[in-house]
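Student: I want to test labels against numbers. Can we go through the structure that way?

Tutor: Yes. Ask, and each answer will set a value against its cut-off.

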Amino acid sequence: MTSWLRRYCNLILHRLLLAVLACVVIETSHSDENICSLPGVLSCNECLSRGPQCAWCFQEGFLDGASRAQRCNTLPNLQKKGCAVEFVEQATVTLKVNPTPPGRQVAPQDVTVQLPPGTEVSVTVEVKQLELYPVDMYYLVDVSASMQDNLNRLKTVGTGLSHRMRDYSSDFRVGFGSFVDKPVSPYINVHPSKVSNPCFDFKMQCRPTHGFMHMLSMTDNTTEFTRIMLQQGISGNMDTPEGGFDAMLQAAVCQRDIGWRPEAKRLLLVMTDQPSHLALDSKLAGIVVPHDGNCHLDSGGYTRSTSMEYPTIGQLAEKLLENSIHSIFAVEHGQYKWYEDLAPFLPGAYVGKLQAKASNLKDLVVEAYKKLLSDVEVEVGVQDQHAHRFWVNVTAVCPTGSAPSGLNKCSGVQPNQTVFFNITIGMKDCPSAPEDVLIFIRPVGFNESSVVRVRPTCHCSCGGQPGCQDELEGPECNEASGDVGCRLDGTGAVCSGRGECVCGHCICEASSLGTVHGTHCELDDFSCPYRQGRVCGGVCGTADTYAQARTGRGDCVSAACRCHSGWTGDSCQCPSSTEPCLSPDGRLCSGRGRCVCGRCECDDPWSSGRFCEKCPTCDRSCQSHWKCVDCHLSKGLLEGNAEDCNRTCSPMVAYVHALPGLMSKAAKDCLFPSSESCHYRFQMDSVPGIPQIHISRYPECLASQRYYPTFICVFLLTVLLGLVILLMAKFLLMRRVLSVGDAPVYSNTAKESNFMPSSTEKTIIYRRDEPAEMPVEVQKIPLHEVWHSGSKA
């Protein structure tokens with residue numbers, strides 16, 4: 001009993017929690033309205049700043065006497081209260097796409113948006129992939145001592161790589177630069193002999209250590225490239241990581257020195273066998289000045305290598321993206337994992353394994369170039385000072401029609417295919433100053449971009465309209481003006497006791513319960529009957545639509561509900577239509593009840609269900625008609641006696657020789673037991689115009705004698721099966737005995753046969769070295785005694 005009570009209490013508690021949650025969800029849907037209608041809003045600008053759903057009514061005479069805050073509400077509520085649409089100021093989103101010149105890869109390139117706070121707008125950007133691009137590729141090579149073999153290989157394959165890349169580019173140019181590390185301790189040995197020649201201990205001449213050295217600007221002269229490569233020699237440092245990030249940033253931002261072309265696809269090929277130093281590593285050398293992200297080249301050398309920190313990964317990624325540069329890392333096997341983990345943080349990066357002596361360099365670069373072209377992605381940036389006021393979501397629509405969830409890129413894009421990016425931009429709040437905010441949409445590795453110019457809409461445009469002013473303008477009057485015009489019918493309380501009379505006009509007081517308005521403050525929206533927590537029509541826990549939940553079912557006028565069309569009742573709680581009470585067969589409450597307030601009330605207490613469709617004791621129960629059938633059977637199923645049973649059953653009764661199939665879908669086949677072995681079959685139907693009960697004239701009986709043949713057959717089969725099983729068991733046992741008697745005979749010598757046991761005996765032999773002497777006692781018996789004893793026996 002205790003466990004049953006506990007389960008019952010848990011069930012009740014569960015249902016109460018569900019009801020509370022439903023109310024909370026619906027009340028949350030009204031939060032937008034509550035934000036707009038909260039007291040304290042005195043101007044149109046304040047109203048619109050509450051949210052995109054808020055609107056301001058500047059119609060003269062709107063809600064005579066009501067507080068100014070009542071002009072701020074949602075558009076449907078303002079219309080309900082009598083404000084015409086042409087007098088409503090509401091923030092709207094506008095989008096203007098400026099024309100894009102033909103032949104561009106990115107379109108549109110200039111978009112202007114007017115965006116109120118709390119709203120969002122979507123912009124579609126198209127990025128087209130071309131078949132042949134002009135390509136600028138800059139070799140950035142680690143020339144530390146461990147890269148000797150790779151540097152030698154590069155001297156021989158550089159020209160071949162340039163020729164091969166021309167198959168994929170309409171205009172291919174190359175440049176060259178080298179790096180090692182910051183030339184300060186502890187990265188290098190600062191002994192004077194080691195500064196100018198890091199390889200002094202090995203009796204060979206090396207180049208001094210340098211952070212970055214630009215050697216050759218972009219050129220299509222392969223002869224000049226080969227000459228520069230042959231002049232290169234190795235350098236050295238002490239620690240394992242190199243200064244690759246320092247050199248990469250300078251190669252990206254020094255546009256004029258490197259010679260990057262605006263129209264070319266830009267590739268930065270980084271060859272190294274070690275990881276790179278990260279930001280803050282330079283503090284080991286006492287360098288604490290953050291990198292400023294600018295170019296610092298003088299005569300090809302990086303001048304701030306010893307005075308500025310290594311750049312951060314984010315700073316490097318920003319500069320690569322800003323300058324439309326793809327980075328290709330050609331690294332040896334030991335460092336592949338380190339750069340593979342780094343690649344997702346650098347937009348447009350590719351990592352390839354460099355084999356011994358850079359033997360696969362040509363294939364690696366070509367494969368990287370094709371892979372980078374087939375990946376199309378965009379990065380979105382907001383001006384730093386306004387980044388916290390905006391949010392951005394990017395969805396890529398690939399040429400195959402797929403939209404990768406949560407991704408801003410498409411892979412496997414072929415030449416002349418177009419990728420669409422749906423950019424959704426939302427503004428959280430208005431900037432402090434009325435200025436345009438620029439949002440940049442940059443396809444990675446493309447030298448074109450799209451700019452979205454956002455103009456925040458934070459001020460009303462109703463201008464000098466009377467209802468749009470911030471200050472309250474009272475009507476002009478003289479001291480002789482009385483309060484007669486503020487009394488209802490000239491005799492009631494001043495402003496119905498709920499306002500102040502100013503110059504013959506009522507200024508209604510603000511109420512936390514709702515809105516007080518009217519010429520004499522006689523109207524409100526909170527003194528009418530409540531239903532489910534709302535005035536004039538509840539919504540919590542009912543089947544109302546979302547629109548009904550927003551607008552209610554009626555208006556409160558002079559403390560009485562004025563219901564909207566389709567609703568009735570003192571609190572507009574009941575639908576006026578009987579359609580909710582129609583059962584699936586089109587009958588009102590299945591013909592067993594009345595429609596009251598949109599619900600069926602069953603006339604028969606035994607009926608139940610939403611449409612009173614459940615009735616176990618109605619025409620659908622076989623047992624309920626047994627008394628009727630019994631009456632007809634007792635009368636002998638004679639036609640003349642059928643009327644005598646009208647008091648116990650329906651008068652529409654018919655007798656048949658055999659029941660046909662079910663005459664309608666509503667028919668039901670039933671049985672009436674007349675004795676232990678017999679029953680009568682009858683059929684019920686509720687179709688008008690035909691007999692409702694058909695009774696078969698002949699009973700159906702089960703003859704008992706037909707069981708005996710069945711019993712005898714089963715008994716004989718059981719006995720026969722037992723005999724067969726016994727015979728089979730005996731046969732198997734005899735076969736086993738015979739197999740034992742036919743055991744194999746072994747052929748032995750005469751000596752061995754004395755010691756071989758047969759299948760039925762066991763020979764045991766005892767041996768002694770000298771048999772023990774056994775005394776034998778001999779007695780002499782006379783012959784006649786022997787004869788005498790033998791004859792007696």
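**Labels and their cut-offs**

Tutor: Start at the surface of this predicted model. Phe711, Ile712, Phe715, Leu716, Val719, Leu723 and Leu726 make a nonpolar surface patch of about 740 Å².

Student: Where is valine 719 found?

Tutor: Valine 719 is in helix α15, residues 707–741.

Student: Why is valine 719 called partly exposed?

Tutor: Its relative accessible area is 40%. Buried means under 20%, exposed means over 50%, and partly exposed is in between. Valine 719 has 40%, so the label is partly exposed.

Student: How does that value fit with a place in the patch?

Tutor: Patch residues need over 30% relative accessible area. Valine 719 has 40%, so that requirement is met.

Student: Now inside. How many cavities of 30 Å³ or more does the structure hold?

Tutor: Three. The second largest has a volume of about 50 Å³.

Student: What makes such a space a cavity?

Tutor: A 1.4 Å probe fits there but cannot get out.

Student: Which residues line the second largest cavity?

Tutor: Gln105, Tyr133, Glu263, Ala264, Lys265, Gly445, Phe446 and Asn447. By class, that lining has three nonpolar, three polar and two charged residues.

Student: Why does Gly445 not count as nonpolar?

Tutor: The classes place Gly among the polar residues, so Gly445 goes there.

Student: Next, the backbone. What is unusual in general about cis bonds and positive phi?

Tutor: Most peptide bonds are trans, and most residues other than glycine have a negative phi.

Student: Which bond into proline 108 is cis, and what is its omega?

Tutor: The peptide bond from alanine 107 to proline 108, with omega near -5°. Proline 108 lies in the loop between β5 (106–107) and β6 (110–115).

Student: What is omega for the cis bond from serine 185 to proline 186?

Tutor: Omega is near 10°. Proline 186 is in the loop between β9 (169–179) and α6 (192–196).

Student: What is noted about phi of asparagine 416?

Tutor: Phi is about 70°, a positive value, although asparagine 416 is not a glycine. The residue is in the loop between β18 (409–410) and β19 (418–427).

Student: Is asparagine 416 exposed or partly exposed, and why?

Tutor: Its relative accessible area is 47%. Exposed needs over 50%, so asparagine 416 is partly exposed.

Student: What is phi of cysteine 612?

Tutor: Near 55°, positive in a residue other than glycine. Cysteine 612 is in the loop between β33 (599–602) and α14 (626–634).

Student: Why is cysteine 612 called buried?

Tutor: Its relative accessible area is 0%. Buried means under 20%, so the label holds.

Student: On to charges. How many salt bridges does a search of the whole structure find?

Tutor: It finds 15.

Student: How do you know that lysine 182 and aspartate 246 form one?

Tutor: Their closest N and O atoms are 2.8 Å apart. The cut-off is within 4 Å, so the pair counts. It links distant parts of the chain: lysine 182 is in the loop between β9 and α6, aspartate 246 in helix α8 (residues 244–253), 64 residues apart. Both lysine 182 and aspartate 246 are buried.

Student: What makes aspartate 375 and lysine 371 a salt bridge?

Tutor: The closest N and O atoms are 2.3 Å apart. The limit is within 4 Å, so this pair passes.

Student: Why do the two partners get opposite-sounding labels?

Tutor: Aspartate 375 has a relative accessible area of 12% and is buried, since buried means under 20%. Lysine 371 has 36%, so it counts as partly exposed.

Student: How far apart are the closest N and O atoms of glutamate 700 and arginine 681?

Tutor: They are 3.2 Å apart, and the pair forms a salt bridge. Glutamate 700 is in strand β38 (residues 700–701), arginine 681 in strand β36 (residues 678–684), 19 residues apart.

Student: Why is arginine 681 not called buried?

Tutor: Its relative accessible area is 25%. Buried means under 20%, so arginine 681 is partly exposed.

Student: Which residues are linked in a network of salt bridges?

Tutor: Asp136, Asp171 and Arg261.

Notes. Residues numbered from 1 in each chain as written. Predicted model: local features only at pLDDT ≥ 70, side-chain atom pairs only at ≥ 80, totals over all residues. Heavy atoms only, no water. 1 Å grid on protein atoms, 1.4 Å probe; cavity = no way out; pocket = protein on both sides within 12 Å on 5 of 7 lines; lining within 4 Å. Points joined across faces, edges and corners; volume = space filled by probe spheres on them. Patch = residues over 30% accessible without salt bridge, like charges linked within 9 Å, V, L, I, M, F, W, Y side chains within 5 Å. Areas by Shrake-Rupley, 256 points an atom, 1.4 Å probe, with all protein chains shown as cover. Salt bridge = Lys/Arg side-chain N within 4 Å of Asp/Glu carboxyl O. Helix = DSSP H or I, 4+ residues; strand = E, 2+ residues; numbered from the N terminus. Buried < 20%, exposed > 50% of the residue type's maximum accessible area, 1.4 Å probe, protein only.
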